[in-house]
Amino acid sequence: MLRSAFIALSENRPLRRFAEQSSIGRKMSSRFVAGMEIEDVLTACEELNRAGISATLDSLGESVMNAEEAQRSAEIYHLLLDAIEKRGLDANISVKLTQMGMDVDPLLATSIVAALTEHANRTGSFVRVDMEGTPYTQATLDMVRSIHNAQGNDGRVGAVIQAYLYRSEEDIKTLLRDRIRIRLCKGAYKEPPDKAFPKKEDVDANYLKLTRLLLTSGVYHGIATHDEAIIVETKKFVEQQGIGHETFEFQMLHGVRRDLQRSLVEEGFRVRCYVPFGHEWYPYFMRRLAERPANVLFLAKNFFRN
Ligand code: FDA
């Protein structure tokens, strides 16, 4: 119920405009967002790297309305790829297709992501294409496959699969035929019961099933969750099967379960943190509240304490 309410709020444009311009809103968002400027995200990335944690950098924004906005969004990612190379950071980038102009012209979005992948290839980095709501699932997977299979891009672009979708097992099998790197997450959008498991326990069971499929595939994947029960089961599976710690990574979000991120590193696992930054933080922030409505109380308490 609360989850749906927050997801509905995440799509409210007037509220988004108001929140993103208010100083109170910015202060609240800092719980999950590394800052407003490129330098902020690079500093956060350096700190993570010092703690033995890799990063994936997300320049916030989605659903752009014209080609110029899409190109401006892409330009920020080109700057990030250059900065990652120049500073020798252990980081890659995560992009959303609706930010790259998917709703304006899918061919434009394809050419932008292909150019970013070519840049990542030149600089030894990697492009992760985030997954959005189901209207985009097939188009996103098709695009990742076609860019991945173009000459020289092997292993430089990857997809995200959402365990809440019934279709995900089949999608994973298709992607694995091309040895495409996958980030597995539970899924953060509002989806109808004919497309996604409505119950958390079914999502969690599917998550574990898909994790096992990924970890035995021989391809390097990301297990993106803060769910301790799932992480414990994954660690058990890895030990039982003799799967090397260097053959996969756990992934978590900036500002969520830092304690768990650090303890996994201490245990010798690879961890990557998803670090968002930028002025268009509102939809991302509201999806984080949807995942854990208790965050609202937590934020309110801290807000009045400071
Ligand atoms: P779950 O929601 O069951 O939470 C388990 C526990 O983790 C909670 O009890 C709480 O302790 C903690 N926790 C989880 N979320 C929290 C929060 N916001 N604040 C504080 N504590 C929290 N989704 C998507 O649809 N497309 C995508 O491309 C991505 N990309 C992505 C990248 C990475 C690196 C991560 C970690 C997640 C995503 N997601 C995503 C989001 C994902 O789908 C999911 O909504 C969240 O990760 C929350 O799910 P958990 O697996 O953490 O489990």
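Which element gives the most to the lining of the second largest pocket? That element is H12, with 3 residues. Let us look at the spaces in this structure one by one.

This is a predicted model, in which local features need pLDDT of at least 70, side-chain atom pairs count only at pLDDT 80 or more, and totals for chains, interfaces and linings use all residues. Residues are numbered from 1 along each chain as its sequence is written, and side-chain values use heavy atoms, with hydrogens and water left out.

**How the spaces are found**

Rolling a probe the size of a water molecule over the atoms shows where empty space is left. The search uses a 1 Å grid over the protein atoms alone: a cavity is a set of points where a 1.4 Å probe fits but cannot get out, while a pocket is an open set with protein on both sides within 12 Å along at least five of seven lines. Lining residues have an atom within 4 Å of a point. Points are joined across faces, edges and corners, and a volume is the space filled by probe spheres set on them. Helices (H or I, at least four residues) and strands (E, at least two) are DSSP runs, numbered from the N terminus.

**The largest pocket and its ligand**

The largest pocket has a volume of about 1300 Å³. It is lined by 45 residues, and Arg3, Lys186, Gly187, Ala188 and Glu291 are the closest to its centre. Helix H1 (2–10), S4, S5, helix H9 (200–215), S7 and H12 each give two or more residues to this lining, and the largest share, 5 residues, comes from H12.

This pocket is also the space taken by the ligand (a molecule sits in a pocket if more than half of its atoms lie within 2 Å of its grid points). Around the ligand are 25 residues, of which Lys186, Gly187, Lys200, Thr225 and Glu291 come nearest; to be near, a residue needs a heavy atom within 4 Å. S7 gives the largest share of this shell, 3 residues.

Some polar contacts (pairs of N or O atoms within 3.5 Å) reach oxygen atoms of the ligand. The side chain of Gln162 places an N or O atom 2.9 Å away from one, a backbone N or O atom of Gly187 lies 2.6 Å from one, and a polar side-chain atom of Lys200 lies 2.7 Å from one. On its own the ligand has 930 Å² of accessible area (Shrake-Rupley method, 1.4 Å probe), and the protein covers 87% of it.

**The second largest pocket**

About 390 Å³ of space lies here. Its lining has 21 residues, with Glu11, Glu62, Ser63, Tyr189 and Arg287 nearest the centre. H1, helix H2 (13–21) and H12 are the elements that give two or more residues to it.

**The cavity**

The structure holds 1 cavity of 30 Å³ or more, with about 30 Å³ of space. Among the residues that line the cavity are Met131, Gln162 and Asp171. Strand S4 (157–162) and helix H8 (168–177) give two or more residues each, and S4 gives the most, with 3 residues.

**Residue classes side by side**

Here Ala, Val, Leu, Ile, Met, Phe, Trp, Tyr, Cys and Pro count as nonpolar, Asp, Glu, Lys and Arg as charged, and the others, Gly among them, as polar.

| Residue set | Nonpolar | Polar | Charged |
|---|---|---|---|
| Largest pocket lining | 20 residues | 8 residues | 17 residues |
| Second largest pocket lining | 7 residues | 6 residues | 8 residues |
| Largest cavity lining | 4 residues | 3 residues | 2 residues |
| Shell around the ligand | 11 residues | 6 residues | 8 residues |

Terms used
Polar contact = N/O pair within 3.5 Å; in protein donor to acceptor, adjacent residues only side chain to side chain.
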